[in-house]
Amino acid sequence: MKIGIVGSGLVGSTAAYAMVMRGVGREIILVDLDKERAIAEAEDIFHAVPFAHPLTVRAGEYADLAGARVVIMAAGVGQKPGETRLQLLERNTAVFRAVIPQIYKYAPDCIIVVATNPVDVMTHVTAYIAKEQFGIPSHRVLGSGTTLDTARFRALLSRHVEVDSTHVHGYVIGEHGDSEVLTWSLTTIGQIPLDEFCRMRDIPMTADIKADIDDKVRNAAYQIINGKGATYYGVGSALARIVSNILGNRRSIMTVCTPREDIEGVKNVTVTLPHLVGGDGIEGEFVLPLSEDEHAALHRSASIIRGLLDDLAISEGIA
């Protein structure tokens, strides 16, 4: 099965490498405006194939995306000094308006997975273009959302309670960003509510400890970027898992984002909730029994994204 990746920078190339290591798909095509970079990344990753799984990895043009089941959209522009977030969004929207039609021209049946930040807004933009220009339903467009944030939450919590992270169940929802919501009220360890588990094991779980974990999850990207300039291993692995679940029709529950008519009273917005991810993209969503505070926080998060979409609508016609 063919997978396309548009944008062969750190995130796109790391996603390709992660898929080679996991054996996801059979052919990976890297497309980038910087053709030399795409060729170099594809060759470097292909040289890892003998140590992993028998995939073909190569650089190509948009036409080479023909037949791709999934295309990862990792292209975009960086923020300039003194540039506002809205200005950055407007420039990235212009990039998407040019690129998304090229993807659908050659791979009209693909599912697009958006990785470009701010991922909630750019996923909404992609779905808008897909629907308005090509009549493609929004369930075939999804963003990586808080997949990585959820993994960070579970990893940090597993370290604190000293239990394998596969037995830690908790979600991060809302914006992939500062207003994201950690669903403490629903978090369990081996199906045991978190606070009860900690009492059983005599593990401290105070408000201060929760606040510290929350801070580390919410601000992880800032810390990593300060230290090394960018984040890519975590999100690359998250993208590999999303694509694997789509290609394998695994119907996994993942915290990805896709447009919704209503989230906590906020209309026509894209933020993350747990979704059923399978061969047709988004195959279902789940309404969580949140606490009152978590409901309010999710409303605030959705309102922030809706505000950015409203701003873009003035200049870009996005609704």
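Which helix supplies the largest share of the lining of the largest pocket? In this predicted model, that share comes from H5, with four residues. Helix H5 spans residues 147-161.

The largest pocket holds about 1,300 Å³ of space. Its lining comprises 42 residues. Thr116, Asn117, Pro118, Ile225 and Thr231 lie nearest the centre of this pocket. Several helices contribute to the wall. Helix H1 (10-22), helix H3 (85-106) and H5 each supply at least two lining residues. The same holds for helix H7 (207-218), helix H8 (220-228) and helix H9 (233-247). By class, the lining has 17 nonpolar and 17 polar residues. Another eight lining residues are charged.

Two of the residues nearest the centre of the largest pocket, Asn117 and Pro118, are joined by a cis peptide bond. The omega angle of this bond is about -5°. Pro118 sits in the loop between strand E5 (111-114) and helix H4 (119-134).

The second largest pocket encloses about 540 Å³ of space. A set of 20 residues lines this pocket. Closest to its centre are Thr147, Thr150, Ala151, Arg154 and Arg241. Here too H5 gives the largest share of the lining, with six residues. H5, H9 and strand E12 (252-257) each provide at least two lining residues. The lining of the second largest pocket has eight nonpolar, nine polar and three charged residues.

Away from the pockets, the strand pairing was examined. Strand E2 (residues 27-31) and strand E3 (residues 56-59) run in the parallel sense and pair over four bridges. Ile29 has Arg58 in E3 as its bridge partner. Together with helix H2 (residues 35-46), strands E2 and E3 make a β-α-β unit. This unit is right-handed.

Backbone angles were also considered. Gln191 is not a glycine, yet its phi is positive, at about 70°. Gln191 lies in the loop between strand E10 (188-189) and strand E11 (192-193). Its relative accessibility is 73%, so Gln191 counts as exposed. Asn249 likewise has a positive phi, near 50°, in a residue other than glycine. The loop between H9 and E12 holds Asn249. The relative accessible area of Asn249 is 43%, so this residue is partly exposed. The two elements that flank Asn249, H9 and E12, each supply at least two residues of the lining of the second largest pocket.

Notes: Residues are numbered from 1 along each chain as its sequence is written. This is a predicted model: local features need pLDDT of at least 70, side-chain atom pairs count only at pLDDT 80 or more; totals for chains, interfaces and linings use all residues. Side-chain values use heavy atoms; hydrogens and water are left out. On a 1 Å grid over the protein atoms alone, a cavity is a set of points where a 1.4 Å probe fits but cannot get out, and a pocket is an open set with protein on both sides within 12 Å along at least five of seven lines; lining residues have an atom within 4 Å of a point. Grid points are joined across faces, edges and corners, and a volume is the space filled by probe spheres set on the points. Ala, Val, Leu, Ile, Met, Phe, Trp, Tyr, Cys and Pro count as nonpolar, Asp, Glu, Lys and Arg as charged, and the others, Gly among them, as polar. Two strands pair if DSSP finds at least two bridges between them. A crossover is right-handed if, with the strands pointing away from the viewer, the path from the first strand over the helix to the second runs clockwise. Buried means under 20% relative accessible area, exposed over 50%, partly exposed in between (1.4 Å probe, protein chains only).
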